[in-house]
Structures are given as C-alpha cells and as structure tokens.
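User: Hi! I'm new to this one and would like a quick tour. Could you walk me through it?

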Amino acid sequence: MEAIVLAREQGIDLVAIDDKAARSRASQMGLRPIGTLGLIVLANRLGHLDASTAMTKVDELVDIHGLYLSSQVRRQIRSQLGGSFTGTLKR
C-alpha cells in the first residue's frame, strides 16, 4: 500500500506491484500497476535487456524463486518479447 500512496503523492502513475489485491486497488485509484514480468518486458522494449536475457530473468523467477507461470502467460511473454529468443521457459 505504501507504493500506492507514494506514487500518488509524487504524481507518478506507473507503480510496480505484484500483489493482485494491491494491483486492483492501484487501478481503482487511477494508477497503472505493472508487475515483475511487465517490468522485464518493458526493459526489453526499452533496450535494457535483449530477448534472450529477458527470458533468462523469467526462467530465474520460475526456477529459483518458485514463480508459477501458466502456459498462456508463457506464450504471452514470448509474444511480447517478439519471439526472437532461443531460450525456453522451464516447467
């Protein structure tokens, strides 16, 4: 909730939040929530991560930190990264 309050106080509309309830609340308050996966895709779009490195980061979230990703989300990530990577998501 602190991220939401701070974003509003600072006039920032994009806020990094992974918690589903907090993301919903942020949206209700006129903010644009973005999660960890969204940040990885954004970093790729801005040229800070190439597609292969971005997929490696996603793999690390799955393999090291136990993030569950459905097949549909995996396909969406690949699509948003332009499908130009050679790596694969595990699980």
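Analyst: Happy to; what follows is a short chat about the fold, a helix start, the helix packing and a pocket.

Analyst: This is a predicted model, where local features need pLDDT of at least 70 and side-chain atom pairs count only at pLDDT 80 or more, while totals for chains, interfaces and linings use all residues. Residues are numbered from 1 along each chain as its sequence is written, and side-chain values use heavy atoms, with hydrogens and water left out.

User: Cool. How many helices and strands does the protein chain have?

Analyst: Five helices and two strands, in the order α-β-α-β-α-α-α along the sequence. These are DSSP runs numbered from the N terminus: H or I of at least four residues for helices, E of at least two for strands. The C-alpha atoms fill a box of roughly 40 × 25 × 20 Å along the principal axes.

User: What happens at the start of helix α2?

Analyst: Helix α2 covers residues 20–28, and at its start a side-chain oxygen of Asp19 comes to within 3.3 Å of the backbone nitrogen of Ala21. After α2 comes Gly30, with a positive phi near 85°.

User: And how do α3 and α5 pack?

Analyst: Their axes are 10 Å apart, at an angle of about 15°. Axes are lines fitted to C-alpha atoms, for helices over the stretch in contact, and angles run from 0 to 180 degrees between N-to-C directions. α3 and α5 are therefore roughly parallel (angles under 35 degrees; over 145 is roughly antiparallel, 65 to 115 roughly perpendicular, the rest oblique).

User: What about α3 and α4?

Analyst: The axes of α3 and α4 (residues 51–63) come within 9 Å and cross at roughly 165°, so these two helices are roughly antiparallel.

User: Switching topic: how much space lies in the largest pocket?

Analyst: About 300 Å³, a volume being the space filled by probe spheres set on grid points joined across faces, edges and corners. A pocket is an open set of points on a 1 Å grid over the protein atoms alone, where a 1.4 Å probe fits, with protein on both sides within 12 Å along at least five of seven lines; lining residues have an atom within 4 Å of a point.

User: Which residues line the largest pocket?

Analyst: Among them are Ile17, Arg23, Pro33, Thr36, Leu61 and Leu67. Elements giving two or more residues to this lining are α2, β2 (32–34) and α3 (36–45).

User: Which one gives the largest share?

Analyst: That's α3, with three residues.

Notes. A polar contact is a pair of N or O atoms within 3.5 Å; within protein, one must be able to donate a hydrogen and the other to accept it, and residues adjacent in sequence count only if both atoms are side-chain atoms.
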